[in-house]
Amino acid sequence: MTEQPTKFERGTDGPKVIVAGVDGSQSSFRAAAYAAGLARRQNALLALVYVQPVLASGAVLGAPVAETTGAIAEGLIEEIRSATEQARGVWDVRWEFHTFHGDPYSGLVTAADELKADAVVVGASESAGHRIVGSVAVRLVKAGRWPVTVVP
């Protein structure tokens with residue numbers, strides 16, 4: 001009896017890449033902290049992802065959208081580096097910071113696909129508007145492509 005070659009399966013040996021969406025909200029920082037704990041325990045790479053919004057209407061009005069979202073990304077990475085330095089020696093987590101462009105849902109889907117994520121962690125929506133169009137977390141769960149953890 002010969003063994004059949006097996007195709008690649010995500011998550012069979014534990015997660016190798018955990019994507020966490022960050023946007024500067026307290027909920028997203030809690031999600032990043034939770035994802036960091038998962039990554040540490042599983043010896044996985046933590047990919048922190050900020051999705052820079054593309055605001056066509058802001059550009060039409062002359063608002064410096066690219067500079068503003070770029071400044072947010074720089075601020076986030078500085079906060080993450082600071083938190084990493086404070087925890088150095090206590091917890092060591094391999095992490096990377098990535099920025100993608102678009103709406104939060106599409107950006108996180110693109111990030112998870114490109115980074116070959118085994119899991120996605122996001123914060124619960126703090127916006128009342130998600131009741132109309134659906135929260136990013138609910139849309140990620142409905143996509144059914146990765147395990148999704150929603151952190152309150």
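Q: What makes the crossing of helix 4 and helix 6 right-handed or left-handed, and which is it here?
A: In this predicted model, helix 4 and helix 6 cross in the right-handed sense. The label goes to a near helix that is turned clockwise from the far one by less than a right angle.

Q: Why is helix 4 called oblique to helix 6?
A: Start with the numbers: the axes of helix 4 (residues 104-114) and helix 6 (residues 136-143) cross at roughly 45 degrees and come within 9 Å. Angles under 35 degrees would count as roughly parallel, and 65 to 115 as roughly perpendicular. The crossing angle fits neither class, so helix 4 is oblique to helix 6.

Q: How do you know which residues meet between helix 4 and helix 6?
A: The test is heavy atoms within 4.5 Å. Helix 4 brings Pro 104, Tyr 105, Leu 108 and Val 109, and helix 6 answers with Val 136, Arg 139, Leu 140 and Ala 143. Sorted by type, the contact has seven nonpolar residues, no polar ones and one charged. Arg counts as charged, so Arg 139 is that charged residue.

Q: What makes strand 3 and strand 5 edge strands?
A: Look at the strand order, which is 3-2-1-4-5 in an open sheet of five strands with parallel pairing. Strand 3 (95-101) and strand 5 (148-151) each pair on one side only, and that puts them at the edges. As for twist, neighbouring strands of this sheet are turned by 25 degrees against each other on average, direction ignored.

Q: How do you know that strand 1 and strand 2 are paired?
A: Pairing needs at least two bridges. Strand 1 (residues 17-21) and strand 2 (residues 45-52) run parallel and are joined by five bridges, so they pass. One example is Ala 20, whose bridge partner in strand 2 is Leu 48.

Q: Which helices pack on the sheet, and what do they touch?
A: Helix 1 (residues 26-42) is one of them: it touches strand 1, strand 2, strand 4 (119-123) and strand 5, and its direction makes about 150 degrees with that of strand 4. Helix 4 packs on the sheet too, touching strand 1, strand 2, strand 3 and strand 4, with its direction at about 150 degrees to that of strand 2.

Q: How do you know that strand 4 pairs with strand 1 and with strand 5?
A: Again, the bar is at least two bridges. Strand 1 and strand 4 have three bridges in the parallel sense, with Ile 18 standing opposite Ala 119 of strand 4. Strand 4 and strand 5 have four, also parallel, and there the partner of Val 121 is Thr 149 in strand 5. Both pairs therefore clear the bar.

Q: Why is strand 4 called largely enclosed?
A: Five of its five residues are buried, so strand 4 is largely enclosed by the rest of the structure. Both faces are covered: Ala 119, Val 121 and Gly 123 lie on one side, with Val 120 and Val 122 on the other. In a regular strand, side chains alternate between the two faces of the sheet.

Q: What makes strand 2 mostly covered?
A: Eight of the eight residues of strand 2 are buried, which means under 20% relative accessible area for each. On one side sit Leu 45, Ala 47, Val 49 and Val 51, and on the other Leu 46, Leu 48, Tyr 50 and Gln 52. For the chain as a whole, buried residues make up 38% of the 152 residues.

Q: Why is Asn 43 called exposed?
A: The cut-off is over 50% relative accessible area, and Asn 43 has 57%, so it is exposed. Asn 43 lies in the loop between helix 1 and strand 2. Its phi is positive, about 55 degrees, although Asn 43 is not a glycine.

Q: Is Lys 116 buried or exposed, and how do you know?
A: Exposed: its relative accessible area is 54%, against that cut-off of over 50%. Lys 116 is found in the loop between helix 4 and strand 4, and has a positive phi of about 55 degrees although it is not a glycine.

Definitions and conventions
Residues numbered from 1 in each chain as written. Predicted model: local features only at pLDDT ≥ 70, side-chain atom pairs only at ≥ 80, totals over all residues. Heavy atoms only, no water. Axes fitted to C-alpha atoms, helices over the stretch in contact; angles between N-to-C directions. Helix = DSSP H or I, 4+ residues; strand = E, 2+ residues; numbered from the N terminus. Parallel < 35°, antiparallel > 145°, perpendicular 65-115°, else oblique. Buried < 20%, exposed > 50% of the residue type's maximum accessible area, 1.4 Å probe, protein only.
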